[in-house]
Amino acid sequence: HNITPPEFFAGWDDEMVRICRVGREELASLAPVADLGLADSEYNRRELEALGAKRTGVLPIYLDFARYREPPNPVRLRMLSDGLTNLLFVGRLVPNKRPDDLIRLASYWKRFIAPDVRLVLVGKLPRRRSYFDALQALAYEEGLTPSEVVFTGHVAHDDLLACYAAARVFVSLSEHEGFGVPLVESMLMRVPVLAHAATAVPFTLGDAGIQISEKPLAETAELAYALASDESLRAAVLAGHDRRLAAFAPEAVEGALRRYVESL
């Protein structure tokens, strides 16, 4: 399961507040009667346990590693390979993922670190226009142009690969992740990760990436810049990514699923 707490949508999308609340109520009624409750992360497994599930386990989301070795979209890659430092985040444009904090980070970077920066936000646009409008207004108020904060919306797989290929750093300041598929994708695509260590993020990254428990703007931006510019730091982080990827290898996930099924 992976249901966002409804309070994140309060004031932005009343229907999503209702949907998330109903989903969590249904989960609470199902958990105690299930023979086995599998969660995609240890964070979600603990939530299942707290809801009364008798037996629980962790089964990571299955990713076909081979798909990330396919060629990226050459047009998107060329557009993003123009000399700017690309900061990437992949995920739905929703309040819990805090794209507003990423916009503030890009603004700080442009004003106080270096002018040649671009924030690339890849993911489905909000159901309600008001939240998207607010993010665009924030970018404008922070002195960023539409070419410096790029909202791609949902993209095809080869476009996604191009965004990873052109990215210098993957930055996540999200406050609620049930698993965090883009964290694993970044490791696969060899993009160093800087992430707010909230909810499932520490369980997905393990000891990989650079993880921060708080996210003060100046310090976080300077840390992202160090990860973009310091080659020895990048090499150390990428080596950590490579070690961590074994936990999500298709054969490892398939083996875990087989063991769970056979135990029933």
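1. Helices, as the term is used in this note, are DSSP runs of H or I with at least four residues, numbered from the N terminus. The structure under review is a predicted model. The points below concern its pockets and its aromatic ring pairs.

2. Helix 7 contributes 4 residues to the lining of the largest pocket, the most of any element. This helix spans residues 181–188, and the other elements that give two or more residues to that lining are strand 3 (85–90), helix 6 (157–166) and strand 6 (169–172).

3. The volume of the largest pocket is about 540 Å³. Its lining comprises 29 residues, and those closest to the pocket centre are Val90, Gly91, Arg92, Lys97 and Pro182. By residue class, the lining holds 13 nonpolar, 10 polar and 6 charged residues.

4. The second largest pocket encloses about 180 Å³. There are 14 residues in its lining, with Phe9, Met16, Val94, Pro126 and Arg127 nearest the centre. Of the lining residues, 9 are nonpolar and 5 are charged, while no polar residue is found there.

5. Turning to the rings, a pair of aromatic rings is described by the distance of the centres and the angle of the planes. The model contains 7 aromatic pairs. One of them joins Trp12 and Tyr131, whose ring centres are 5.0 Å apart and whose planes meet at 70 degrees. This arrangement is classed as edge-to-face because the angle is over 60 degrees. The pair connects distant parts of the chain, 119 residues apart: Trp12 belongs to the segment before helix 1 (14–30), and Tyr131 to helix 5 (residues 129–141).

6. Are the two partners, Trp12 and Tyr131, buried or partly exposed? Trp12 has a relative accessibility of 34% and therefore counts as partly exposed. Tyr131, at 6% relative accessibility, counts as buried because the cut-off for that class is under 20%.

7. Trp109 and Tyr225 form another edge-to-face pair, with 5.5 Å between the ring centres and 80 degrees between the planes. Here too distant parts of the chain are linked, since Trp109 lies in helix 4 (residues 99–113) and Tyr225 in helix 9 (residues 217–229), 116 residues apart. Trp109 is buried, with a relative accessible area of 1%, whereas Tyr225 is partly exposed, with a relative accessible area of 34%.

8. Finally, Phe89, Tyr164 and Phe170 are joined into a cluster by ring pairs.

Technical notes
Residues are numbered from 1 along each chain as its sequence is written. This is a predicted model: local features need pLDDT of at least 70, side-chain atom pairs count only at pLDDT 80 or more; totals for chains, interfaces and linings use all residues. Side-chain values use heavy atoms; hydrogens and water are left out. Rings of Phe, Tyr and Trp (its six-membered ring) pair if their centres lie within 6.5 Å; planes under 30 degrees apart count as stacked, over 60 as edge-to-face and the rest as tilted. Buried means under 20% relative accessible area, exposed over 50%, partly exposed in between (1.4 Å probe, protein chains only). On a 1 Å grid over the protein atoms alone, a cavity is a set of points where a 1.4 Å probe fits but cannot get out, and a pocket is an open set with protein on both sides within 12 Å along at least five of seven lines; lining residues have an atom within 4 Å of a point. Grid points are joined across faces, edges and corners, and a volume is the space filled by probe spheres set on the points. Ala, Val, Leu, Ile, Met, Phe, Trp, Tyr, Cys and Pro count as nonpolar, Asp, Glu, Lys and Arg as charged, and the others, Gly among them, as polar.
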